[in-house]
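Here is a short briefing to read alongside the structure. Have the model open and follow the points one by one.

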Amino acid sequence: MRFSAFILILLLYLLVGTASAQGEVTADDVNAIAKQLFCPVCENEPLDQCGTKACQDWRAEIRLQLEQGATEQEIKDNFQRRYGDRVLAEPPREGINWILWLLPVALVLFGGIWFARYLRQLQAGKSDPAPVVSSASGNPTAPPPQDDYVARIEDELRDNE
Amino acid sequence: MSELPEQLELNEAESAEIKPRRKWWVYVVWAGVAALILFLGYGLLNANETRPEVGKQAPDFAMTFFDGYEWEDYQAANLSDLEGKIVVLNFWASWCGPCEDEAGVLENGWQAWRDDDVVLLGIAYSDIDSDALDFMERFGITYPNAPDLRLDASDKYRITGVPETFFIDKDGTIAYVQPGPLTTSQLNSILQEILNS
Amino acid sequence: MLADIGYASLVTALIASVFAAFASWYGARTGNHRWVESARNAIAITFPLILVACLTMIVSLVRNDFSLEYVASVTSLDMPTYLKVTALWGGQKGSLLFWNLLLSLFTAAAMQRKWREDRELMPYALLVASFTQIFFLIITIFFENPFTRLPVVPLDGRGLNPLLRHPGMIIHPPMLYLGFVGFTIPYVFAMAALMSGHLDDAWIRTTRRWTLVAWLFLSLGLILGGRWAYDVLGWGGYWGWDPVENASLMPWLAGTAFLHSVMIQEKRGMFKLWNMVLIVITFLLVISGTFIVRSGVISSVHSFAQSAIGPLFFGFLVIMLVFSVYWIIRRHDALSAENRLNSFLSRESAFLANNFLIIAILAAVFIGTYFPIMSEMFGDKVVVGPPYYEKVTGPLFALLVLLMGIAPLTMWFRTNGMKMLRAMAWPAVGALIPIVIMIVVGLGSPGTWLGLWIATFAGILTVREYLKGTWARMRSKHENPFRALYSLVARNRRRYGGYLIHLGVVAMAFGIIGIEFFQQETQLLMQTGQTVDLGRYTLLFNGVDRFAGRDDLIITEATMDVYIGDRLVKTINPRTELYTRTGQPMTIPDLRSTPLEDFYVLLVAWEPQLADQATVRIYLNPLVNWVWAGGIIFIFGTLIAAWPDRADEKAIAASRARQRVAVATD
């Protein structure tokens, strides 16, 4: 009995504690969330900047939900559920939107692999019909025959510098 | 864009290979070009699509009514469930000034025409639900109303702003579109005309 | 009457362009030079004709000829004269007319200058150029005619969009257009090279400076656009990753890649095909950017009103895309490299890595900008906002800056890796200094420290290129430091102008890190006499005032004192302007600006009845001025690199002459 009373008091204390830690909701708290949302009424303008009546109402709603103790993620989820994915500044990573997130990564990866392979090909001159280079490249790291030319260019560059 | 660099690589490889092998990447490039064209073409068509025209089937959508603003006994309904009635589909929002002027017109219209198989149906566009409820209470609105969930309905009707009203005939085709606020006389004459036809 | 003259000269210009297209095609087919010359004359005459059309439009604008629909839509009686002139590009129709003017000017100039040298390319260049001109003239004459009359002449016009009345916005669009249109010239010559089969470097040499000039204007347009956003749009930033901004960034990126990779072709005869592809991409991005901006395919704050020209631009884009790809595929055999890559560690591969990173950034921006179309295809519409672009392109930009620092240490053919590492050693250590300072002050996170390190490292390496060169000259030529630096740059302007551009980028990188990672902001309702602290600043609110301004403006202005400690440093007046005719509000910030940071205040909201309270939003933007300073350095460097050079011209002429001899003796 005593123990459960203790638990009860502890729970109450925790509840009061978290509530007071939240304190008053400021405009900054509202803006921090509004920044991550787009109101369909002002296209391509983040909610924290848009001045229309509709967007003011939306910000008031964020404030209300914050005061009711909702977390940032919960508020964003609420808006997404109610108004669709278009209200999120960062498209949710689900369904077709994965294309948006994965395509650049895939391009960089494949591009990188291709790029490295291509460089190696260019360098080794594999099955290269041009006799100038292939004659010298029994060993790919061997200096190419234009070495004196290289030296000349480097001199030229040094002169420029 | 991704296939373009491949030309370089193949171009290199190719100088040594036999001719027939070169062809496949050309198809890849052309396929990419075609895909890009189709993609942009779709975007263009989609952007140029306008409101559903008069005479066309009214796009169906699902709605969950606001508490206290249900249609008959239904908590939720599809627009198609209202077939057989004339539907005055009104997109509005609590943040929209002209909607305030229009609210009384629509409520009076609802009272005047509800016995003639006319249903007034409000859809609150991009609105905070509590604000929408306040608005309806303030203007004494009693006709069925639903939030525009995920902006699905306004997308389907391609509204250009609020208020915007679609008159849907008993067979589910669009009979008249009114962008901007309605007046009582307009409402009456449009409904009369639909009923007469 | 005047408008009729303008319209008639536009129609004449169209006829001349059609003739030019026909004559150049016929001349190319028959090899008859007289037809080609005739085509060139026809192209040359389109410029004065379109100029006449533009002048009549300007006169109509200045004289308030509201019988013209365009004049009535962009001007009003109370607008000052200079704004009426700039209203020429203040709306869809006028800006297309202006686009025509720039295109004809560039084409005429390009065709005049290079007549003797590029005899083989000329007919095809004329053909492609006149086709482009025909397209834009047809749009202007038949679809977006700025000389259309109103049935009823209004007493006053609607006035220019207030957003476009800012000085930055007056010159920002022409700069962008100059950049966009400028890239037509390299494209035209590239296509001429492909069609004629003269695939040597002639087209690159002919258009090298055009490319640089187009790129200069595009850079200038982007920087001015950022400054304009910062000054007028009132959201504390300069770049919002809006589709329209992206539409102008993308050709700039492709152009940047081209300017780098073209150097490999000049030095080593490699990557001819790739350069061709890059310039084609740049041009197509200009057209597709214009397409999405003006057709409403992707909605944006900046979009023009939706109009019928979407399908036309789409058609043009398709034609140019298919045409370009066809010719590249057809000629790709002849575009293979003359040389092999000698080493992984070489200037060539550094340029290639640069291209790789830039194209990756371009691809990410492209995907983000066009993705909403795809999302609509599959149902749920999405908006791709700044977080996406920041996350995806941020690391790539950081790598690019790092590469920008290291690349000058590489040599053509091959580079000694050990030497390079040694050369990087002390700059790498020196670049730790800002991080140490940051850690001591207790600012930032590992990510921002890395960013700062990269920017500092690249900055030190670039400055050292100047120091090394100056030092070498001082020793070998016994010049004083200033003289040595001057002659160093003068002797190799492309190179050292390029490094100056790199320094500008480094400065911008600092500014971007500052504002992206260290921006502070707060918003609150203030009463008269109330103060608020942000950073080391204290802001005292002294009330709001309301009065009528110029034109049809009603201005609501707050008076605030900015203190650092107890010292008053500035009194600022952020305000909102309401254009009563259109009901459009604008939020104009006021700020206290120092090289270290901007204290930037916006008047967000106020109650009309209450003069003693208002909601204000305050930003502290560290290092944002570095972005603008970097921009100025950037432009200055581009000017150094692009300025006409007689010696250079002579060298080109000489190399051409040599080539001709070589061709003749083949």
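In chain C, β6(C) and strand β7 (residues 584-588) run antiparallel and are joined by five bridges. Keep in mind as you look that this is a predicted model. The points below begin with these strands and then turn to where chain C meets chain B.

**Strands of chain C**
- Within the pairing of β6(C) with β7(C), Thr576(C) sits opposite Thr587(C).
- Four residues lie between the strands of this hairpin, and Gly583(C) has a positive phi near 70° there.
- Strand β6 (residues 575-579) also pairs with strand β4 (residues 553-564) of chain C, antiparallel and through five bridges.
- In that pairing, Arg575(C) of β6(C) faces Glu557(C).

**Extent of the interface between chains C and B**
- On the chain C side 34 residues make contact, and they meet 26 residues of chain B.
- About 2,800 Å² is buried between the two chains, with 74% of it from carbon and sulfur atoms.
- Phe314(C), Ile329(C) and His332(C) give 18% of the area that chain C buries against chain B, more than any other three residues.

**Polar links across the interface**
- One salt bridge is counted between chain C and chain B.
- The salt bridge brings together the side chains of Asp380(C) and Arg150(B), at 2.5 Å from N to O.
- Four residue pairs are in polar contact across this interface, with both residues at pLDDT 80 or more.

**What chain C brings to the interface**
- Helices α11 (272-295), α12 (309-331) and α13 (347-377) of chain C each provide at least two residues of the side touching chain B.
- The largest share, 11 residues, belongs to α12(C).
- Sorted by class, this side of chain C holds 24 nonpolar, six polar and four charged residues.

Terms used. Residues numbered from 1 in each chain as written. Chains lettered and ligands numbered in written order. Heavy atoms only, no water. Contact = heavy atoms within 4.5 Å. Buried area = accessible area lost by both parts, 1.4 Å probe. Salt bridge = Lys/Arg side-chain N within 4 Å of Asp/Glu carboxyl O. Polar contact = N/O pair within 3.5 Å; in protein donor to acceptor, adjacent residues only side chain to side chain. Nonpolar A, V, L, I, M, F, W, Y, C, P; charged D, E, K, R; others polar. Pairing = 2+ DSSP bridges.
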